[in-house]
Amino acid sequence: MKKVWPILKPWIKRLLGLGITVAIFAWMLKPVFVQWDAIAPRIHKIKWGYFAIASAMFAAFLFLFRVLSWRRVLEGFGHQLPVAPATRIWSTSELARYLPGAIWQVIGRVYLIKPYGVSGTVCSVSQILELVVFLLANVLVALGSLAWFGYRMPDSTKNYMIIVAVLVPLLMSLLHPRVFYTALKKYMAWRGKELPATRVRGKTLTLLTIWAIIGLLWQSFAIYLLTFRPLNLPIEKWWVVAGAYCLAWCAGFIAFWAPGGLGVREFMFMTAMSFALPPSVQAKFENPAVMSAFLAFLGILLRLWTIVGELILSGVAYLLDMDGALGRPGARGRVGEAVNQG
């Protein structure tokens, strides 16, 4: 048993996480099938041309507000990674988060960036900073949009909102250079390694947080474009989907057992929308069960929307950086080659 347990332990954790994810999706999909006749007319209102536009908008969001932010963090550490390979490396490692286990996203990016002269330490630290900045932006948008509805939240959602609120001072303190680099210095000393000589400034991280918030507003308009017709949601209520989706993203991020937040993000979006939708919109549903079923369908549709957007970005990145993807010596930015800023 002592020999077998270390082998079985990670697989038991993965199977348990998979079981929870499957159970959540089963719970969400059941009312969709039960109420299909009632929600089918609303589903038919979804314009798949809008879905394509919204997916392209999400791909643009990932490039402008995620990839370029990570690249800017790398610049703060003294690495001028060209745009095309940065996009390819980022998008590939992000898709790896759907694999079982929580390490493939980090390990994958370290492996892919190594030919460009970036150490594993710098790559991992840049990922941490990028994620902390983006998580803080999501927290601020979720709180700013949904805090008013706290009295109407079910306990499950209210608990997530409390966790999200607690994250604000924690994340802000982590982004303070003195706190972050002090902790990192101790960790690197324990590992027997040295910190990079060049570091990201606190001002840069603050500006990247503001940039991420702007990006989340752009993302929310893409979601609104996809959902406003079937929900009959007026334009002045676009912030409802912004807050609900940002809260759902935070919940999926916290759910360490679910690869890519699968199931958890969809469940939280459905729950948040159920209390944040204006009463005039809720009144247009036959009953709460029909509304919950349709919101569950929207949650799953938005997962498909993110995957399509990620694949668009990844496909374009590979087309523009085929030499780097194939590992050719003349690829832009590789060690020993002139770094092309374009």
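## Close-ups of an all-helix model

The chain has an accessible surface of about 16,600 Å², and 70% of that belongs to carbon and sulfur atoms (Shrake-Rupley method, 1.4 Å probe; for residues, only the protein chains shown count as cover). This is a predicted model, where local features need pLDDT of at least 70 and side-chain atom pairs count only at pLDDT 80 or more, while totals for chains, interfaces and linings use all residues. Residues are numbered from 1 along each chain as its sequence is written, and side-chain values use heavy atoms, leaving out hydrogens and water.

**View 1. The chain has 14 helices and zero strands.** Helices (H or I, at least four residues) and strands (E, at least two) are DSSP runs, numbered from the N terminus. Of the 342 residues, 48% are buried (under 20% relative accessible area, 1.4 Å probe, protein chains only).

**View 2. Phe-134 meets Trp-249 edge-to-face.** Their ring centres sit 4.9 Å apart, with 85° between the planes. Rings of Phe, Tyr and Trp (its six-membered ring) pair if their centres lie within 6.5 Å, and planes over 60 degrees apart count as edge-to-face. Phe-134 is in helix 6 and Trp-249 in helix 10, so this pair ties together parts 115 residues apart in sequence. Phe-134 is buried at 3% relative accessible area, and Trp-249 is buried too, at 12%.

**View 3. Ring pairs link up into a cluster.** Among its members are Phe-58, Trp-211, Tyr-245 and Trp-305.

**View 4. Arg-66 lies over the face of Phe-134.** The distance to the ring centre is 4.0 Å. Elsewhere, Arg-42 lies over Phe-285, at 3.8 Å from the ring centre. To count, CZ of Arg (or NZ of Lys) must be within 6 Å of the ring centre and within 35 degrees of the ring normal.

Definitions and conventions:
Buried means under 20% relative accessible area, exposed over 50%, partly exposed in between (1.4 Å probe, protein chains only). Rings of Phe, Tyr and Trp (its six-membered ring) pair if their centres lie within 6.5 Å; planes under 30 degrees apart count as stacked, over 60 as edge-to-face and the rest as tilted.
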